[in-house]
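Student: Please take a close look at a single part of this model. Describe that part first, then how the rest of the chain is arranged around it.

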Amino acid sequence: MAMNTSSAPQQPGEQGYWPWFGFWAQFVVLGGLAILGLCIGSRNEPGDYATGLMLAIGAILLAFLRLKSWFDGTSADWTSFLLVDKPAHLIVVIPLFTVIALAGLFVAAGEPGTLQSAGVALFVISGLVIFLSLKRVFDRLDSGH
């Protein structure tokens with residue numbers, strides 16, 4: 001009796017209702033972020049246009065990259081999509097996101113408003129990417145992959 005041991009990743013529809021719902025819910029959230037960015041960009045406060053437009057464009061690009069990843073059949077989880085898993089890649093990630101975090105601090109040093117909040121968020125997100133990438137790399141090294 002032969003077993004079917006396919007190594008191809010299952011599509012969200014093949015796993016049941018909840019994984020399918022979870023897969024498409026990420027696009028609803030990203031679409032909501034794009035709409036939120038456009039709403040923020042339409043206000044008349046300093047920095048709102050740039051901040052809102054960057055949020056909208058970033059959410060749309062992330063949605064397209066996630067959809068491309070799904071059509072390519074690569075890993076569907078967010079950690080594999082956003083974080084590195086090889087020590088050599090940390091040489092690029094750490095300096096790059098350190099510079100991005102510092103840029104966020106410089107933006108946040110300006111006048112209070114949406115642009116200041118965006119700068120603080122950029123700093124926090126960059127720090128999280130650095131630390132989570134470090135954790136992922138060392139976890140993979142400890143597990144022997």
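Tutor: What follows deals with helix α2, then with the pocket and the chain around it.

This is a predicted model, in which local features need pLDDT of at least 70 and side-chain atom pairs count only at pLDDT 80 or more, while totals for chains, interfaces and linings use all residues. Residues are numbered from 1 along each chain as its sequence is written, and side-chain values use heavy atoms, with hydrogens and water left out.

The chain has five helices and zero strands. Both are DSSP runs numbered from the N terminus: helices are H or I over at least four residues, and strands are E over at least two. The order along the sequence is α-α-α-α-α.

Helix α2 covers residues 48-72, which is 25 residues. The expected span of a helix is 1.5 Å times one less than its number of residues. For α2 that gives 36 Å, and its end C-alpha atoms are 36 Å apart, so the two agree. After α2 comes Gly73, which has a positive phi, near 80°.

Which residues of α2 are buried? They are Asp48, Thr51, Gly52, Ala56, Ala59, Ala63, Arg66 and Ser69. Buried means under 20% relative accessible area and exposed means over 50%, with partly exposed in between (1.4 Å probe, protein chains only). An α-helix has 3.6 residues a turn, so residues three or four places apart point the same way. The buried residues of α2 pack against α1 (17-41), α3 (78-82) and α5 (114-143).

Thr51 is an example within α2. Thr51 counts as buried because its relative accessible area is 10%. Neighbours within four places in sequence aside, Thr51 is in contact with Thr114, Leu115 and Ala118, where contact means heavy atoms within 4.5 Å.

Helix α2 also supplies part of a pocket wall: α1, α2, α4 and α5 each give at least two residues to the lining of the largest pocket. The largest contribution, 11 residues, is from α5. About 1,200 Å³ of space lies in this pocket. Of its 28 lining residues, the closest to the centre are Leu55, Gly58, Leu62, Leu122 and Ile125. On a 1 Å grid over the protein atoms alone, a pocket is an open set of points with protein on both sides within 12 Å along at least five of seven lines, and lining residues have an atom within 4 Å of a point. The lining has 23 nonpolar residues, five polar and no charged. Ala, Val, Leu, Ile, Met, Phe, Trp, Tyr, Cys and Pro count as nonpolar, Asp, Glu, Lys and Arg as charged, and the others, Gly among them, as polar.

Another contributor to that lining is α4. Helix α4 (residues 87-108) has 22 residues and reaches 31 Å between its first and last C-alpha, close to the 32 Å expected. Its buried residues are Leu90, Val93, Ala101, Gly104 and Ala108, and what covers them includes α5. Ile100, also in α4, counts as partly exposed because its relative accessibility is 27%. Ile100 touches Leu122 and Ser126, residues up to four places away in sequence not counted.

For the chain as a whole, buried residues make up 23% of the 145. Among contacts with a separation of 6 or more, 55% join residues 24 or more positions apart.

Key:
On a 1 Å grid over the protein atoms alone, a cavity is a set of points where a 1.4 Å probe fits but cannot get out, and a pocket is an open set with protein on both sides within 12 Å along at least five of seven lines; lining residues have an atom within 4 Å of a point. Grid points are joined across faces, edges and corners, and a volume is the space filled by probe spheres set on the points.
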